Amino acid sequence: MAIRRKTSEEAGMAAVREVRALFASFENSSAAPAEPVSAEVSQAFAALPRSVRATFVRFTLEELATLAPGNSVEVRVPPLGVTQCVAGPRHTRGTPPSVVETSPAVWAALVLGTCSWEQAVAAGVLDASGERSNLSTLLPLF
């Protein structure tokens, strides 16, 4: 079953381009190896208009759900978005069997490939629980 999109592809890709340009402008900055997203990048990301950040997060979560349809993993990027993805046991109430949660800036870094899944987990900026919660094979999306 295909995901019902709430974000148009045009608006979503415009937000992706804007966030990608922001991350590219910091490409040569020296983040500590254990720091997946530098404080400067996080601050610059937070300074983007909320509409851009929200559209980016929601669109990329929709893309993830399209790439890996299912309901066994809930991906949370508070306060901007949430989706369920990855085939497996369906849950109907309460916390799903697998949960992934991170900040919008770290989610952007994962989606764009400027941070690896392993870096984010090691740095403690990504919470992943459950047997299907490792999304490293699905990221980066762009």
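**Exercise 1.** Find where proline 79 lies, and work out which peptide bond leading to it is cis.

*Solution.* Start with the strands, which are DSSP runs of E with at least two residues, numbered from the N terminus; helices are runs of H or I with at least four. Proline 79 sits in the loop between β1 (73-77) and β2 (81-85). Now check omega: the bond from proline 78 to proline 79 is cis, with omega near 0°. Then try leucine 139 to proline 140, which is also a cis bond, with omega near 5°. Proline 140 belongs to the segment after β4 (126-129).

A quick note on what you're looking at: this is a predicted model, where local features need pLDDT of at least 70, side-chain atom pairs count only at pLDDT 80 or more, and totals for chains, interfaces and linings use all residues. Residues are numbered from 1 along each chain as its sequence is written, and side-chain values use heavy atoms, leaving out hydrogens and water.

**Exercise 2.** Is valine 86 buried or exposed?

*Solution.* Go to the loop between β2 and β3 (98-102), where you'll find valine 86. Its phi is near 70°, a positive value in a residue other than glycine. Most residues other than glycine have a negative phi. With a relative accessible area of 16%, valine 86 is buried (buried is under 20%, exposed over 50%, partly exposed in between; 1.4 Å probe, protein chains only).

**Exercise 3.** Which residues of helix α2 (residues 39-47) are buried?

*Solution.* Pick out Val41, Ala44 and Phe45 as the buried ones. Looking down the axis of α2, these fall within an arc of 100° (taken from the directions from the helix axis to the C-beta atoms), so they line one face of the helix. Flip to the face turned away from that buried side, and you meet the exposed Gln43 and Ala47.
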